Amino acid sequence: MIGGLFIYNHKGEVLISRVYRDDIGATLSTSVDAFRVNVIHARQQVRSPVTNIARTSFFHVKRSNIWLAAVTKQNVNAAMVFEFLYKMCDVMAAYFGKISEENIKNNFVLIYELLDEILDFGYPQNSETGALKTFITQQGIKGQTKEEQSQITSQVTGQIGWRREGIKYRRNELFLDVLESVNLLMSPQGQVLSAHVSGRVVMKSYLSGMPECKFGMNDKIVIDKAGKGGVTDDVAKSTTGKQSIAIDDCTFNQCVRLSKFDSERSISFIPPDGEYELMRYRTTKDIILPFRVIPLVREVGRTKLEVKVVIKSNFKPSLLAQKIEVRIPTPLNTSGVQVICMKGKAKYKASENAIVWKIKRMAGMKESQISAEIELLPTNDKKKWARPPISMNFEVPFAPSGLKVRYLKVFESKLNYSDHDVIKWVRYIGRSGIYETRC
Amino acid sequence: MTDSKYFTTTKKGEIFELKAELNSDKKEKKKEAVKKVIASMTVGKDVSALFPDVVNCMQTDNLELKKLVYLYLMNYAKSQPDMAIMAVNTFVKDCEDPNPLIRALAVRTMGCIRVDKITEYLCEPLRKCLKDEDPYVRKTAAVCVAKLHDINAQLVEDQGFLDTLKDLISDSNPMVVANAVAALSEIAESHPNSNLLDLNPQSINKLLTALNECTEWGQIFILDCLANYAPRDDRESQSICERVTPRLSHANSAVVLSAVKVLMKFMEMLPKDLDYYGTLLKKLAPPLVTLLSAEPELQYVALRNINLIVQKRPEILKHEMKVFFVKYNDPIYVKLEKLDIMIRLASQANIAQVLAELKEYATEVDVDFVRKAVRAIGRCAIKVEQSAERCVSTLLDLIQTKVNYVVQEAIVVIKDIFRKYPNKYESVIATLCENLDSLDEPEARAAMIWIVGEYAERIDNADELLESFLEGFHDESTQVQLQLLTAIVKLFLKKPTETQELVQQVLSLATQDSDNPDLRDRGYIYWRLLSTDPVAAKEVVLAEKPLISEETDLIEPTLLEELICHIGTLASVYHKPPSAFVEGSRGVMHKRLPARTGSGESTESPDVGTIAGGSGTETAPSIIPSQGDLLGDLLNLDLAPPTTTGPPPPTSGMQMGGMDLLGGGLDSLMGDESEPLGGDIGGSAAMGAGFGAVPAVMPASLNAPMGGGLGDLFDLGGGVGMPLGAYIPPKTVWLPAMKAKGLEISGTFARRAGVIQMELTLTNKAMSVMTDFAIQFNRNSFGLAPAGPLQVLSPLSPNQTIEVSLPLSTVGPVMKMEPLNNLQVAVKNNIDVFYFSCQYPISMLFVEDGKMERQVFLATWKDIPNENESQFQIKDCHLNSDAASNKLQASNIFTIAKRTVEGQDMLYMSIKLSNGIWVLAELRVQTGNPNYTISVKCRAPEVSQCVFQCCEAVLKN
């Protein structure tokens, strides 16, 4: 299991060091230094997130300029160690915001306290912030009654470790966001090399008591199954007016009953309080690609490049895409750029080796164009320019996967509010993930 | 409030000041002081001098302060063991505190203080805490047992904590269960043979129930523990799989990977024709793909594991090629891993896409990545024949870029393409030669030299090219020197007139001016060959080389199996067994996949096939990809009578026959292989025993030659001439194509006209042509050995089947096998060496002159002690005694006398085995009763069972 955990700043100084295992303790200072020398101060790019130095394995992740490193001498579950490091970042962020050297120094006592709680002898323990915040506070715990204490311990160890009893709201409200990022890799000829949507359902729930929720979407398997009960597919489609989507795979927050999903494909859960990610999913079929990028790059002699890029929006004209940004890479030996664009603003950014073209808003079924002349310095560099792909960023108010929320039901039998009393908000946001077109 | 100020105090006399503050009356000041102490500790300052003062602050009801003091204690107790005792009282008191959080804190901290004296005091509080009413305390105490075990294992056993821990597996609280499982698993790892975890269907059921209820981390502990369980049969393993599959949708990647581990392992036990097996395979793909949308570090872990899974079960991800396409912004470690998997998944169906991608990658920036991409193009060419042409043209395009490392890498892979498809792409040699000057890496130079030597007859200025390399001969690396030597010898044999001077030059450079023994020896071999018999030299050096095979970088199967058992862990990330990087006893236990139940695979040797050499990175031997092939080549050569006329140094030790070379070679070959196998798998270990050194896994009694009994009786007799009609069992599949890279062997044994024959059917189910077949037996009970080479004259093209009949002699080396009639066989072809074992009917060995004189029979029957007599029943046989007698006679089982007593026919029979053993039998046939009784008497009673089986088979067919 995890033998020790260190937090370094970018200089390689240790900010936090907690040793859990004796096998690490024996060579503590050497391993601390070894990591600094071999990883933080290494000249080249990180070649692997797991490094073995002198029979000691280091797992590291970096957040801004802070390094978190878990150290072990055993054959640990590597996936678990990384998951734990991410979780630990989440917990720290939930307690004191951004992970920075200053924040870590300011909260080092708290961090030690957290590390003592969420990692015991190198075994990760309950690390849900909701539960942790009930008994690890920066103010110190005072005047807990016996009931409160046992409530805390039963929550930390219990089946529903993510929610405490006795939550009360005057207004029961639910916010549901379907956040999708659409990823595309397209060949210069316009052929889709790979495309997928990775989506997340993020909820904010402000519900009283211990409500039982049920979430439904236009999952093809569920719809087809329902369709078999007498009505044929087409009829079902025409009556509901919605198409179903094929979900390749999905993963759920730990509050969702996985066995129930496996057997009935229904998503039921007792939600954590506040904001959380209910599920993630991935689709690859019938994706709506909101934009199409058509590049045209022409090399005019050795010192000039002509670039023309057309973007076409491909969704309902009534909808508006926002924050559109097209990034056209330029060669390293670029000396000057002239840009003309029909819409928005375009600028050559020498430091980023790219022309950045920004458009605030664009309706569906429109098209826009940019053309640029790039002047190059003559070089004797034999190596050709690698022509990185043209990338795009945008935000659209629909789900490119076609996912639709069908229902979200809330049941709380002990308290006197029903599903109808809960105010529910649903919103769809599609963003670009890695949306690239080769040129 | 900010704590960062504590980091800044570096004044002199700081310790003194802190001491004063620690002893202050004001609580706030005390707390501040302790914080400063901890801050100093963190940055590595020695604040151990403050030990007593800090410990004094321990007695407080302020939880935050208490935690800080505890933290200090954990760090310094070991250096101040005597002082640490001072803390004991507070610990013991805290373990009784009404607040469960404090009780847990105390027991958690105490376990971290590794001082013997304190450990003793820990026992009583720990015992109480293990039975605490509060689950939070119990789950903490469970881990504490593991801590204590790490300090003093004996104490934990003596105090009976292990039993209490086992009881916690049935706890009502899922988190307690999970922690108890984690602790027990860890303790069990240091006691490999103990039955600590005692997994049985009941406890497994409890774990599976807890799995649904506990935290994500707890699920990982439980799944990792489940993976160590060996289900009793396929039904149990299916039911576990069914309950584990829902975990594949968990958001935590570690839960998913651990679930994949359990499934991959237990799947081994499911019959392949089961519907569920197919369903399970389908269910595995999506979650694996989803792992690739995690953070890059996790992606890396996932990709390393997918690399293993793809090797073990390629069918799972065969349609998912696209998700492994490299993204421009992927970190380099993710890119390199994706590339690896892409090559493994490349097939005829997707090769066009893959090539387009690889070409794209070859223009990237990172040198390692580009090199690997170029290499990948070459590997595609070798793997998918249809794509070879496109690959070659892509590589030529890349060579045109003139980017140095791209050119060198391309030349190295083109060399391999030549080795796979000779006489197809030589037109590109001219282009390659243009780049001769830019090659500065040994591997590329060696590759180029090899190409020049191999195709010397088509390159007009080959001699000039090679000569130019020769100038700096001594500055070259060994790899290049060896290659240059071979290439020039090849050139000489092809164009002897113009290159005599050159070859003399290189031979003298290699033999006289070099300190490298390999180079010197190879030089001498060539020299001698050339001066003795140039024609023979030509046959040797320019002999047709076997083609290289595609699967060059697969992980060795036993290691792969072990790594599959470690999915998700560091071992799977490093692709090394835990023993390679874990110190001490932990984790050195080798894990294995369970065997499939109820299928007939157990008799076959496992596929130990992948010894094919690396992708041609070695020097000269690289023209021959595997040791097996090398041996095969030598076997075909006639090295036998060497003449010692011309060569400068005297020859000695050359008097080796071809067979000897094979024997000796196989010895080392088998020896090599049986070692990593470590006796894991019976079949091949026994093979090792047969051919090479005696491995420890063979029981000693079996290894010793049979004293008296069998051994003495062996004589080298073989019978002559007899009518046909002996029983020949139907052919059975001995080596399925799956296990032998597409070669399927089925066969049987027959005795025809006094000659034992092994009748084989070879079917090529692979995509490529198979050539160079050879066969070898392990030592066996009756000294069976091939009497001639395996007569497969023409190459075996895909989907072709041939029948071969191999005459056997009984004069080979003898070793008793278990069962007695077991025969272990090695067959090699141009692809690899394969091993299997089969059982021959012992009637093969019944010789034609096995009819004993009556008197002798009587005397012998009496002479053989009664304990050597065994009785068997032959059921459901509807022959009368005469028909039976005739039938048996056809198989050289001779009836000497017949007697009828009370309606019962008694047939007395004699059999002589090829090694001279006599077997006497009495067959009792009662008319109307289909059940016969046979009594077998023999001086070597081991054979009785086999003889009986034979008689039964003969009579029933």
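The exercises below, each with a worked solution, concern a predicted model.

Residues are numbered from 1 along each chain as its sequence is written, and chains are lettered from A in the order in which they are written. Local features need pLDDT of at least 70, and side-chain atom pairs count only at pLDDT 80 or more, while side-chain values use heavy atoms, with hydrogens and water left out.

**Exercise 1. Determine how the span of helix α17 of chain B compares with the expected span, and how many of its residues are buried.**

Solution. Helices are DSSP runs of H or I with at least four residues, and strands are runs of E with at least two, numbered from the N terminus. Step one: α17(B) covers residues 296-312, 17 residues in total. Step two: the expected span is 1.5 Å times one less than the number of residues. Step three: from first to last C-alpha α17(B) reaches 24 Å, close to the 24 Å expected. Step four: 15 of the 17 residues of α17(B) are buried, where buried means under 20% relative accessible area, exposed over 50% and partly exposed in between (1.4 Å probe, protein chains only).

**Exercise 2. Describe the packing of helices α38 and α39 of chain B.**

Solution. Two packed helices are described by the angle between their axes and the distance between the axes. Step one: the axes, lines fitted to C-alpha atoms over the stretch in contact, form angles from 0 to 180 degrees between N-to-C directions. Step two: α38(B) (residues 881-890) and α39(B) (residues 942-956) pack at about 115°, with their axes 9 Å apart. Step three: α38(B) is therefore roughly perpendicular to α39(B), as angles of 65 to 115 degrees count as roughly perpendicular, under 35 as roughly parallel, over 145 as roughly antiparallel and the rest as oblique. Step four: A884(B), K887(B) and L888(B) of α38(B) meet C951(B), V954(B), L955(B) and K956(B) of α39(B), contact meaning heavy atoms within 4.5 Å.

**Exercise 3. Place Q369(A) within chain A and state whether Q369(A) is buried, partly exposed or exposed.**

Solution. Step one: chain A has 10 helices and 23 strands, and buried residues make up 54% of its 439 residues. Step two: Q369(A) lies in strand β20 (residues 367-376) of chain A. Step three: Q369(A) counts as partly exposed because its relative accessibility is 26%. Step four: beyond neighbours within four places in sequence, the contacts of Q369(A) include K308(A), I340(A) and W357(A). Step five: I340(A) is 29 residues from Q369(A) in sequence, and their C-alpha atoms are 8.6 Å apart.
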